[in-house]
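Here is a report on a complex of protein and DNA. Have the sequence and the model open as you read.

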There are 2 protein chains.
Amino acid sequence: MNKDSLIQFIQKILPMNPSRAAQVVEKFKPMKIEKNSYVLKAGTVCNESHFIETGIIRSYTYDLDGNEVTTAFYPTNTYSSDLLSFFKRTPAKEYIQAITDCETWYITYEDMQASFHAIPEFREFGRLNIVNQYSILKERMLSNLQETAEKRYNDLIHSHPEILQQVPLKYIASYLGIADTSLSRIRKETVKK
Amino acid sequence: MNKDSLIQFIQKILPMNPSRAAQVVEKFKPMKIEKNSYVLKAGTVCNESHFIETGIIRSYTYDLDGNEVTTAFYPTNTYSSDLLSFFKRTPAKEYIQAITDCETWYITYEDMQASFHAIPEFREFGRLNIVNQYSILKERMLSNLQETAEKRYNDLIHSHPEILQQVPLKYIASYLGIADTSLSRIRKETVKK
DNA sequence: ACGTGCACTTGACATAGGACAGGAAATGGA
DNA sequence: TCCATTTCCTGTCCTATGTCAAGTGCACGT
């Protein structure tokens with residue numbers, strides 16, 4: 001396991017010369033995470049930020065009635081952490097859990113701050129990365145308003161077919177904001193068409 | 001009208017020495033915005049980022065059924081723009097509209113990029129500002145899941161009483177994700193208590 | 001290969017919340 | 001000042017979704 005895909009991910013967000021990139025990824029360390037185990041638990045402060053080399057991770061929390069609600073999926077080659085808790089140093093309100101066995105590259109808050117300080121390119125990467133995360137969140141908020149659950153389901157499995165393969169439908173349903181029975185009915189309708 | 005409150009806002013997010021702060025705010029220009037007029041219309045690219053000196057601004061879009069949905073309120077002393085459109089240079093999906101007469105300090109995308117390049121402190125301010133915006137969005141998403149409309153209504157008017165004074169209830173209702181008739185019923189219940 | 005437990009589907013039923021419409025009160029323009 | 005418009009409240013009705021429960025099929029461990 002080497003850092004190539006992490007370097008590619010960073011280069012895609014902010015192109016830089018290879019030696020700089022090597023410097024940026026220097027503090028990232030490998031981690032193996034077993035299926036169903038936790039990267040972060042609600043109530044604790046998120047202290048690591050993970051780039052997912054293989055596997056799928058999700059974050060979830062509980063709604064008013066105590067139902068589990070999946071707030072995000074993090075497939076392979078994405079960046080996963082509770083940014084709110086990580087940067088604000090406040091207790092997380094979400095759980096982050098591996099859906100499959102995962103391998104990640106992670107960096108601690110302290111190392112990230114040090115690297116922010118030492119490497120201007122890392123700072124700029126950090127800024128662009130947050131803009132991206134903000135965009136994803138905002139797009140999701142808007143699509144929740146502006147698209148039907150059916151369209152959002154189709155968009156999701158189109159853009160990330162691996163999620164459909166590896167994630168229980170109940171997680172997908174709660175991510176879409178509907179009951180698993182409703183998703184079941186949507187799938188039934190979709191097959192008809 | 002001087003830039004004191006803008007400088008205070010910036011100093012609060014990232015303290016810096018006064019001459020630096022002066023440099024940071026240099027490119028901000030004043031604008032007066034009439035009640036009900038638009039700062040940004042959906043379909044166009046957001047090219048200005050506003051700090052609100054006086055007045056209240058809101059952003060809104062339309063849901064599936066064509067209903068107006070208020071996506072955010074920007075009271076006095078906050079920072080308002082469609083960050084998604086502004087940074088990604090994509091057409092906005094939202095309208096940004098003055099609820100009252102407003103005075104703002106704004107900076108264009110080009111000037112901001114130039115200042116990002118020239119002033120390291122501005123870059124860092126930009127990064128912290130996005131973290132804040134991300135946090136606000138995420139907190140809002142979570143409170144939509146985890147709190148009743150009644151609690152969210154009370155939280156809103158507690159933290160920003162001026163909104164209740166100056167904003168039509170129907171905007172507040174759509175911001176809370178409920179019909180204006182439902183908000184009316186909530187208010188009725190609240191009075192009883 | 002047997003049993004236990006998930007994952008998923010489906011039907012019957014209940015209900016929270018929205019749509020709609022009517023009316024009172026407040027606001028604003030001429 | 002008066003009329004038009006908008007805001008807000010409230011009653012009735014209705015429907016989209018969720019809840020619950022039952023049943024099938026599959027995967028996994030022993």
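## DNA strand D

DNA strand D is surrounded by 15 residues, and the closest are S182(A), L169(B), K170(B), S184(B) and K188(B). A residue counts as near a strand if one of its heavy atoms lies within 4 Å of it. Of the atoms of DNA strand D that come within 4 Å of the protein, sugar and phosphate account for 74%. The model is predicted: local features need pLDDT of at least 70, side-chain atom pairs count only at pLDDT 80 or more, and totals for chains, interfaces and linings use all residues. Residues are numbered from 1 along each chain as its sequence is written, chains are lettered from A and ligands numbered from 1 in the order in which they are written, and side-chain values use heavy atoms, with hydrogens and water left out.

Several polar contacts can be named. A polar contact is a pair of N or O atoms within 3.5 Å; within protein, one must be able to donate a hydrogen and the other to accept it, and residues adjacent in sequence count only if both atoms are side-chain atoms. L169(B) places a backbone N or O atom 2.5 Å from a phosphate oxygen of DNA strand D. R187(B) has a side-chain N or O atom 3.4 Å from a phosphate oxygen of this strand. R185(B) reaches a base: a polar side-chain atom lies 3.4 Å from a base nitrogen of DNA strand D.

Both protein chains take part. α9 of chain A, with α8 (169-176) and α9 of chain B, each supply at least two residues of the surface near DNA strand D. Helices (H or I, at least four residues) and strands (E, at least two) are DSSP runs, numbered from the N terminus. α9(B) gives the largest share, 5 residues. By class, the surface near DNA strand D holds 4 nonpolar, 6 polar and 5 charged residues. Here Ala, Val, Leu, Ile, Met, Phe, Trp, Tyr, Cys and Pro count as nonpolar, Asp, Glu, Lys and Arg as charged, and the others, Gly among them, as polar.

## DNA strand C

DNA strand C also has 15 residues around it; L169(A), K170(A), S184(A), K188(A) and S182(B) are the closest. Sugar and phosphate make up 74% of the strand C atoms that come within 4 Å of the protein. The surface near DNA strand C draws at least two residues each from α8 (169-176) and α9 (180-192) of chain A and from α9 (180-192) of chain B. α9(A) supplies the largest share, 5 residues. The classes are 4 nonpolar, 6 polar and 5 charged.

Which atoms of R187(A) and DNA strand C lie 3.2 Å apart? They are a polar side-chain atom of R187(A) and a phosphate oxygen of the strand. A polar backbone atom of A179(B) is 3.4 Å from a phosphate oxygen of DNA strand C. R185(B) has a polar side-chain atom 3.4 Å from a base nitrogen of DNA strand C.

## Chain A against chain B

The size of an interface is often given as the accessible area lost when the parts come together. Chain A and chain B bury about 3300 Å² between them, with 68% of it on carbon and sulfur atoms. Buried area is the accessible area (1.4 Å probe) that two parts lose on being put together, summed over both. The contact (heavy atoms within 4.5 Å) takes 32 residues from chain A and 32 residues from chain B.

Between the two chains, 12 residue pairs are in polar contact, both residues at pLDDT 80 or more. On chain A, β4 (57-62), β5 (68-74), α3 (83-88) and α5 (120-146) each supply at least two residues of the side that touches chain B. α5(A) gives the most, with 17 residues. That side of chain A has 14 nonpolar, 7 polar and 11 charged residues.

## Salt bridges

The structure holds 18 salt bridges over all chains. A salt bridge is a side-chain nitrogen of Lys or Arg within 4 Å of a carboxyl oxygen of Asp or Glu. The interface of chain A and chain B has 4 salt bridges. One salt bridge links the side chains of E139(B) and K93(A) (2.9 Å, N to O). E139(B) lies in helix α5 (residues 120-146) of chain B and K93(A) in the loop between α3 and β7 (95-98) of chain A, so the pair joins two chains.

## Strand pairing

In chain B, strands β2 (residues 38-40) and β7 (residues 95-98) pair antiparallel over 2 bridges. Two strands pair if DSSP finds at least two bridges between them. L40(B) has I96(B) as its bridge partner in β7(B). Strand β4 (residues 57-62) of chain B runs antiparallel to β7(B), joined by 4 bridges. Y60(B) stands opposite Y95(B).

In chain A, β2 (residues 38-40) pairs with β7(A) in the antiparallel sense over 2 bridges. Y38(A) faces Q97(A) there. β4(A) and β7(A) run antiparallel, with 4 bridges between them. Y60(A) stands opposite Y95(A) in β7(A).
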